[in-house]
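This briefing introduces a protein model to a reader who is new to structural description. Please keep the sequence and the structure in view while reading.

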Amino acid sequence: MILGLADVEAARDILAGTAVRTPVVESRWLSDLTGQQVHLKCENLQRTGSFKLRGAFVRIARLSARERAAGVVAASAGNHAQGVALAAQQLGIPATVFMPEGAPIPKERATRAYGAEVVFAGRYFDDALREALAYADRTGATFIHPFDHPDVVVGQGTVGLEMLDQVPDAATILVPAGGGGLVAGVALAVKAVRPGVRVVAVQAEGASAIAPSLDAGAPVRLDSMSTMADGIAVGRPGEVPLALIREHVDDVVSVSEESLSQALLSLVERAKMVVEPAGAAAVAALVDRPDAYQGPVVALLSGGNIDPLLLGKVIRHGLASAGRFLNLAVSLPDVPGALNGLLTEIAASQANIRTIGHDRTSSSLRLDEVEVRIECETRGTEHAEALIARLRDLGYKVL
């Protein structure tokens, strides 16, 4: 099936009154960092908290009366689940969703709240996908694929039309990518209207299946995945998206877990935007390579559904990666006053001490030594490095 601009425009008509036209906001801190004008497309503020409602609703709205009566089934780590659940609820269709074990609790609860039945199956998305397909075979329910279907792709492509309307002079668009449906749809729409705009797919390093699939000329399954970005943790891209990515996407880049956590933290601190790790991928790519993209740049925040517990962990990880948490191990003489002297120097440097621990049993210590472990809050990497240098200059053995 050949897809074009008319298909995306038709999907936009179907979504009228259902999907929100999410805002675009200028990011001053990213603009300062890159030297280019940078905008954030806030699909984290979409209904259900992500772009997934768009593709799911278009796909389900086009089912026949017989298909609707048999219901729909989906597999998802959470965002597609919510999109399918809300679309089915609005259209009066029963829905069942298979989720991998360990899917974020807020996503599971929201999916149930929209009226869908939730079934847990396996550790990864691909496990849930197999169970959902088996369920469809048993019951006759229509499987709503999260990314590998033309209706889903053109539904997601409506984000691209909105971005061009909102930032008509955009030169580069950065899009998080897992299975490829979002970036394929966005690229399809953008290239049809503005062929000169550069579209870049951003994957997590621990789940980067698109680049090897492009090299192989067909979807390739990863042997394993490891990433906090569950929204883009897909082991094999779809055939429909991959063909469009090959034709319309200009580049595919990957970002590390450290970059994702730092980007998420920066979005909370600087942009006042709560996003999930996958939703921060486009910003992570900008932070990694601030000079790589011509502006104006639009970075797509694809989703904001994050478990508060995970948010806390990611924020702490991001603080550590940014040098805001410093873990010191210092060898001291085991005599009265030695610790007080060390703490006085740390205080003089304006670092804030969070925790202190002692170890007198390490084989690397002499009998008259103690190892002190201190976690400090600092203002960043330069401050942390300056503190370590100061302690060493004063004769402290910083391990």
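The points below describe a sheet, the helices that pack on it, and two pockets. The model is a predicted one. It contains an open sheet of four strands with parallel pairing, and about 730 Å³ of space lies in its largest pocket.

**The sheet**

- Strands of a sheet pair through backbone hydrogen bonds, and this pairing may be parallel or antiparallel.
- Here the four strands follow the order β5-β4-β3-β6, and their pairing is parallel.
- The edges are formed by β5, residues 117-120, and β6, residues 142-143, each of which pairs on one side only.
- Strand β3 (residues 72-75) runs parallel to strand β4 (residues 95-99), and four bridges join the two.
- Within this pair of strands, V73 stands opposite T96 in β4.

**Helices packed on the sheet**

- Helix α6, made up of residues 105-113, packs on the sheet and touches β4 and β5.
- The direction of α6 makes an angle of about 145° with that of β5.
- Helix α7, made up of residues 125-139, also packs on the sheet, where it touches β3, β4 and β6.
- The direction of α7 makes an angle of about 165° with that of β3.

**The largest pocket**

- The space in the largest pocket amounts to about 730 Å³.
- Its lining consists of 42 residues, and those nearest the centre are A77, D230, G231, I232 and A233.
- The elements that contribute two or more residues to this lining are α5 (79-91) and α9 (181-193).
- Of the elements, α9 gives the most to the lining of the largest pocket, namely three residues.
- By character, the lining of the largest pocket comprises 21 nonpolar, 14 polar and seven charged residues.

**The second largest pocket**

- The second largest pocket holds about 300 Å³ of space.
- It is lined by 14 residues, and Q262, S266, E269, R270 and A322 are the closest to its centre.
- Helices α2 (28-34) and α12 (257-271) each supply at least two residues of this lining.
- The greatest contribution to the lining of the second largest pocket comes from α12, with six residues.
- This lining divides into six nonpolar, four polar and four charged residues.

How values were computed
Residues numbered from 1 in each chain as written. Predicted model: local features only at pLDDT ≥ 70, side-chain atom pairs only at ≥ 80, totals over all residues. Heavy atoms only, no water. Pairing = 2+ DSSP bridges. Contact = heavy atoms within 4.5 Å. Axes fitted to C-alpha atoms, helices over the stretch in contact; angles between N-to-C directions. 1 Å grid on protein atoms, 1.4 Å probe; cavity = no way out; pocket = protein on both sides within 12 Å on 5 of 7 lines; lining within 4 Å. Points joined across faces, edges and corners; volume = space filled by probe spheres on them. Nonpolar A, V, L, I, M, F, W, Y, C, P; charged D, E, K, R; others polar.
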